[in-house]
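Welcome, and please open your viewer for a short walk around this protein. Keep the selection panel handy as we go.

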Amino acid sequence: RLWTEDRVTHRGRYYQFQDVRIEPKPVQKPAPPIWIASSPNPALIGEEKYRKALHRVARTADGWMTALLRPHEFRARWEIIEEFAVTEGRDPRRLGASQHIMVNLNEDESAARAEAKKFLDLYYSANFTAADLEKWGIFGSASRCADVLQEFIEAGCRTPIIRLTTWHPLGQFHTCIEKVLPRLRPRPA
């Protein structure tokens, strides 16, 4: 209602407000798409909660964003979301699907990993392990990056979100545009 009406009053179980307005209104009508960011791990939360989290995406969201998955893991989770969407009477082709991927482009893969680790450790005040980095990103040549991004696309990822983990983002941004993106192909229907 706040996105579509000029002034809104609400008296709910948990929240109440009177005569509230939000400006500017969204460009998308009737409202912007709402995506759920969720990376449930069945080993940590159990199978039932894992499936409930994916079902919630299929039932309520316009799209799904995740991270820390390899392409085969993305595919497995996305297929579950698609199945749940069908049981909810929703067309899974209308749902967005994205993966947040850390990327460092450098022909020297060990240098790419080292810079990404330093960048991410400082940014998050952490000490990421090699296993953490492996799940979270793509580090190395433009060719390797394009190959892994293509695996995500073929696994159902419609919107790869690339975060450059470098102290020189402009140079890697141009490399990505010139050498990575042209190699990507849409997922076959």
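Start with a cartoon view and trace the chain from the N terminus: the elements run β-β-β-α-α-β-α-β-α-α-β-α-β-α. That comes to 7 helices and 7 strands. Bear in mind that what you are looking at is a predicted model. Taken along the principal axes, the C-alpha atoms fill a box of roughly 60 × 35 × 35 Å. Of the 189 residues, 37% count as buried.

**Two packed helices**

Next, select residues 47-60, which make up helix α2, and residues 71-87, which make up α3. The two pack at an angle of about 60°, and their axes are 8 Å apart. That angle makes α2 oblique to α3. Turn the view to look through one helix at the other: the crossing of α2 and α3 is right-handed.

**A tour of salt bridges**

The structure holds 13 salt bridges, and a few are worth a stop. Keep α3 on screen and show the side chains of E73 and K135, whose closest N and O atoms are 2.9 Å apart in a salt bridge. E73 lies in helix α3 and K135 in helix α5 (residues 130-136), so this pair ties together parts that are 62 residues apart in sequence. E73 is buried, with a relative accessible area of 18%, while K135 is partly exposed at 32%.

Now move to helix α4, residues 109-124. Here K117 forms a salt bridge with D121, with 2.5 Å between the closest N and O atoms. The two residues are 4 apart in the helix, and about one helical turn separates them. D121 is buried at 13% relative accessible area; K117 is partly exposed at 25%.

For a group rather than a pair, select E109, R113, E134 and R144, which are linked in a network of salt bridges.

Then go to the start of the chain and show R1 and E5. Their side chains meet in a salt bridge of 3.2 Å, N to O. R1 is exposed, at 53% relative accessible area, and E5 is partly exposed, at 31%.

**Out on the surface**

Which residues form a nonpolar patch on the surface? Select L170, F173, I177 and L181: together they have about 370 Å² of accessible area. One of them, I177, lies in helix α7 (residues 169-180) and is partly exposed, at 37% relative accessible area.

Finish at R94, in the loop between α3 and β5 (96-105). R94 counts as exposed, with 72% relative accessibility. Draw a distance line from its C-alpha atom to that of P24, 70 residues away along the chain, and the separation is 26 Å.

How values were computed. Residues numbered from 1 in each chain as written. Predicted model: local features only at pLDDT ≥ 70, side-chain atom pairs only at ≥ 80, totals over all residues. Heavy atoms only, no water. Patch = residues over 30% accessible without salt bridge, like charges linked within 9 Å, V, L, I, M, F, W, Y side chains within 5 Å. Areas by Shrake-Rupley, 256 points an atom, 1.4 Å probe, with all protein chains shown as cover. Salt bridge = Lys/Arg side-chain N within 4 Å of Asp/Glu carboxyl O. Buried < 20%, exposed > 50% of the residue type's maximum accessible area, 1.4 Å probe, protein only. Axes fitted to C-alpha atoms, helices over the stretch in contact; angles between N-to-C directions. Parallel < 35°, antiparallel > 145°, perpendicular 65-115°, else oblique. Left-handed = near helix turned anticlockwise from the far one by under 90°.
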